[in-house]
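Here is a short tour of some backbone oddities. Have the chain open beside you and look up each spot as we go.

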Amino acid sequence: MPIKPAERISKLPPYLFAELKRLKRETQQRGIDVIELGEGDPDLPTPEHIVRALAEAAKDPTNHRYPSYNGLLAFRQAVAEWYKKRFDVTLDPEEEVLTIIGAKDGIAHIAWALIDPGDYVLVPNPAYPVYQAQVLFTGGIVYDLPLLAKNDFLPDLSRIASKILSKAKVIFLNYPNNPTGAVAPLEFYRELISFARKHKIIIINDGIYSEITYDGYKPVSLMEIEGAKEVAVEFHSLSKTYNMTGWRIGWACGNREILAGLLKIKTNCDSGVFQAIQYAGIAALTGPQNCVEKNRKIYQERRDILTEGLREVEFKVEKPKATFYLWVPVLSGYDSIGMAKVLLERCSILVTPGIGFGKYGEGYIRFALTAPTERIKEAVKRIKMVEWKKPR
C-alpha cells in the first residue's frame, strides 16, 4: 500500500552530508579519484591510549549491561575537571553535566525538551543543518540570524525586532563556528548573556570546535561568563578534539533545569552511552594532551597549504583562527553550487556549497581540512591546473 510519511519529514531538505556522500560515491563509481574535502570527519586516528582504555573496559562484563541514562559519574567528574582546568569553570558533575551520544544527539533531543509548536527559535544562518531541522521537527518557527562577513560572522542581536523577541524561547549558537570558522570574543558572550536574561531566552551553545585552534588562539567558553548557568547550556564532544567521531560520546553542561529536561527526553529515546566508551572518554579527558596539540599542528599545516594555494588562483580566503574549515568566497560569476560542481567536475575535489548551510551561505564554499596532507597538496595542484574563467 502507499505509505504516507509524517508531515514533518516533508518539511526537511535532503540532509546535506548524506547528499555529499552520495555524490562522492557516484563519482567514484565512474573510476574517478575524488579528494574528499566536504565533510568534517577527522582522518587522523584516535590516540592509542584512548583505544587501549576502550579495549580494557570492553573486557569487563559489568560494562556489557545497560549504562545509566545520565552517564557514569566518573565520566561527568572528568568533564568537570577538564572544564576547571581548561576554562576555570566550576561544574557540579551530579547536576550540571550530562553524558550524551555525541553533540548531534544532544542538540536534537534538547530541542524536544524546550521548544513547543509556535515558539520562535533564533537560528544562525549559515549553520550546521541540525539546528534548523530540529526546530522544524518540534513545530517551532525558525528565525534566521544572518552571519555576515561585515559583522565577523557574529549575529547582530540589536537588529532582532521586539515582536520576535517577545515570542522567542531559544537561541542556537556555535563558536568556533561551523561553517565560517569565526570565533566569538568574551565581550560578545557577555552581551549575549545580558540579552538572554533580559528577553528570557535560553541559549544553546555548541562549542565542539574549541580545541581545534591555530597561532596560539584559545577560545573562551560561554560558561565562563557570570550568569551563564542561569540561561544556558553548552554542548561539547570528544569527536573533533580526540578524533572520535565514530565513538559517539559528548556532554551537555550548564543550567541544571534544562539538563533535567534533556535527561527526561533521553530516557524515553535512548539507553545511554556504552560504559566502555565512557571509560575511554575519561582517558581522553584526563590523559596526556599532547595528542591534541599534535592535531592542531597538522591542521594548521593543512590550513596554510590550502589557503596559500587558493590565494594563488585568486580565491579571497582568510585563515581561520579555529575549526578545520576554510570558508571561501566563490570566484566571480559563480554561485556556491556552481563553484562546487566545477571543482568536482574539473578537479575531482568534493567541497560543500555554502547554500547547504542556509541562504546566507550563498556565495561561499566550505573546504574541510580532514584529508591527509598529501591529498591537500594534490588538491592545490589540481586547482592550479585549471584555467579559471567565468562560467558561460
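First, some vocabulary: a residue is called buried when its relative accessible area is under 20%, exposed when that area is over 50%, and partly exposed in between (1.4 Å probe, protein chains only). This is a predicted model, where local features need pLDDT of at least 70, side-chain atom pairs count only at pLDDT 80 or more, and totals for chains, interfaces and linings use all residues. Residues are numbered from 1 along each chain as its sequence is written, and side-chain values use heavy atoms, with hydrogens and water left out.

Let's start with the cis peptide bonds. Asn-125 and Pro-126 are joined by one, with omega at about 10°. Another runs from Asn-178 to Pro-179, and its omega is near 20°. To place them, you need helices (α; H or I, at least four residues) and strands (β; E, at least two), which are DSSP runs numbered from the N terminus. Pro-126 sits in the loop between β3 (120-125) and α6 (129-138), while Pro-179 is in the loop between β5 (168-174) and α8 (186-199).

Next up: positive phi angles at residues that aren't glycine.

| Residue | Phi | Relative accessibility |
|---|---|---|
| Asp-152 | about 60° | 55% |
| Asn-243 | about 60° | 7% |

You'll find Asp-152 in the loop between β4 (141-146) and α7 (162-165). Asn-243 belongs to the loop between β7 (232-237) and β8 (250-254).

Is Asp-152 buried or exposed? Asp-152 counts as exposed because its relative accessibility is 55%. Asn-243, at 7%, counts as buried.
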